[in-house]
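Open the model in your viewer and keep the sequence panel beside it. This tour moves from the whole chain to single residues.

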Amino acid sequence: MAEPVIKVRDLNKYFGDYHALRGIDLDVAEGERIVVCGPSGSGKSTLIRCINGLETHDEGTITVRGTDLRDEASAHAIRGGVGMVFQQFNLFPHLSILQNLTLGPMKARGLTRKAAEARAMSYLERVRIPDQAHKRPKELSGGQQQRVAIARSLCMEPKVMLFDEPTSALDPEMISEVLDVIVDLANDGMTMICVTHEMGFARKAADRMIFMDHGEIIETGPTETFFDAPRTDRCKQFLSQILQH
């Protein structure tokens, strides 16, 4: 077996007295596509924020490609290989779409403007909005802005992509356009972890499902098995509620 790209062992995270993550163990293989689901407050977003180093964990270990994220000397470089897309788009409103995409590669990767713009345009093609390159974020729909946010992450050429409920801030008619882009990335073999309530997307894109509740991984398994034959009563209850909507 190849070494996991991401390895989480006995991960615990506290916010004051609140125990947000409780003894999480998780391996993510190269090219694996994982969807994390569960009720609000179950620790889903906290888990992927810890994996990306946006939250510090209190106990346990997270290694990405063999590097412990607590080793500050090398963790910064590793984090640069982990892209993250949030619920909110977090685009710079005063910059054009092209400028939003070239800023990171030029500042953090040392690319020339010409090289950064060529890379940005290739990823705008990838997310199907190259014609929006010279507009400002406010001129785009929410779905288009989220696709720009995905392209911005891809411009850093990450090895792993993390998505934190990427469609929760979108109007219903815009959700599918963003999920279609993520499905394309998954089909191309990108290693990804996606926190989402979109179960139709999960069935289409995920190799493996993880169900969390109260800071713990309650159930995990292949996508088909997870939906068709969940093992735990808590998971059955959650699926029966969410699949009715």
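The stops below run from overall form to a pocket, then to ring pairs and a few single residues.

**Whole chain**

Start with the cartoon view, and keep in mind that this is a predicted model. Colour by secondary structure: the protein chain has nine helices and 10 strands. Now show C-alpha atoms alone. Along the principal axes they fill a box of roughly 55 × 45 × 40 Å. How does the radius of gyration compare with that of a compact globule? For 245 residues, a compact globule would have a value near 18 Å; the protein chain has 18 Å, so the two agree.

Next, colour by accessibility. Of the 245 residues, 51% count as buried. Then turn on contacts with a separation of 6 or more. Residues 24 or more positions apart account for 64% of them.

**The largest pocket**

Switch to a surface and find the largest pocket, with a volume of about 520 Å³. To centre on it, select Val82, Met84, Arg152, Ser153 and Met156; of the 20 lining residues, these are the closest to the pocket's centre.

Which elements supply the wall with at least two residues each? Select α2 (72-79), β6 (82-85), α3 (97-109) and α5 (142-154). Helix α3 gives the largest share of the lining, five residues. Now colour the lining by class. You should see 10 nonpolar, eight polar and two charged residues.

**Aromatic pairs**

Hide the surface and show the aromatic side chains as sticks. With ring centres required to lie within 6.5 Å, the count comes to two aromatic pairs.

Select Phe211 and Phe238 for one of them. Their ring centres are 5.0 Å apart and their planes meet at 40°, so this pair is tilted. Trace each residue back to its element: Phe211 sits in strand β9 (residues 208-213), and Phe238 in helix α9 (residues 233-242). The pair links distant parts of the chain, with the two positions 27 residues apart. Are these residues buried or exposed? Both Phe211 and Phe238 are buried.

Move on to Phe226 and Phe227. Here the ring centres are 5.4 Å apart and the planes stand at 90°, so the pair is edge-to-face. Phe226 is buried, and Phe227 is buried too.

**Positive phi**

Now check the backbone. Select Asn90, in the loop between β6 and α3. Its phi is positive, about 55°, although Asn90 is not a glycine. Asn90 has a relative accessible area of 48%, so it ranks as partly exposed.

Go to Arg128 in the loop between α4 (113-126) and α5. Phi of Arg128 is near 75°, again a positive value in a residue other than glycine. The relative accessible area of Arg128 is 41%, which makes this residue partly exposed.

**Last stop: a long span**

Select Asn187, in helix α6 (residues 172-187). Is Asn187 buried or exposed? The relative accessible area is 52%, and the cut-off for exposed is over 50%, so Asn187 is exposed.

Finish with a distance line from Asn187 to Arg9. How far apart are their C-alpha atoms? They are separated by 28 Å, with the two residues 178 residues apart along the chain.

Key: Residues numbered from 1 in each chain as written. Predicted model: local features only at pLDDT ≥ 70, side-chain atom pairs only at ≥ 80, totals over all residues. Heavy atoms only, no water. Phe/Tyr/Trp six-rings, centres within 6.5 Å; stacked < 30°, edge-to-face > 60°. Helix = DSSP H or I, 4+ residues; strand = E, 2+ residues; numbered from the N terminus. Buried < 20%, exposed > 50% of the residue type's maximum accessible area, 1.4 Å probe, protein only. 1 Å grid on protein atoms, 1.4 Å probe; cavity = no way out; pocket = protein on both sides within 12 Å on 5 of 7 lines; lining within 4 Å. Points joined across faces, edges and corners; volume = space filled by probe spheres on them. Nonpolar A, V, L, I, M, F, W, Y, C, P; charged D, E, K, R; others polar. Rg over C-alpha atoms; globule rule 2.2 N^0.38 Å. Contact = heavy atoms within 4.5 Å.
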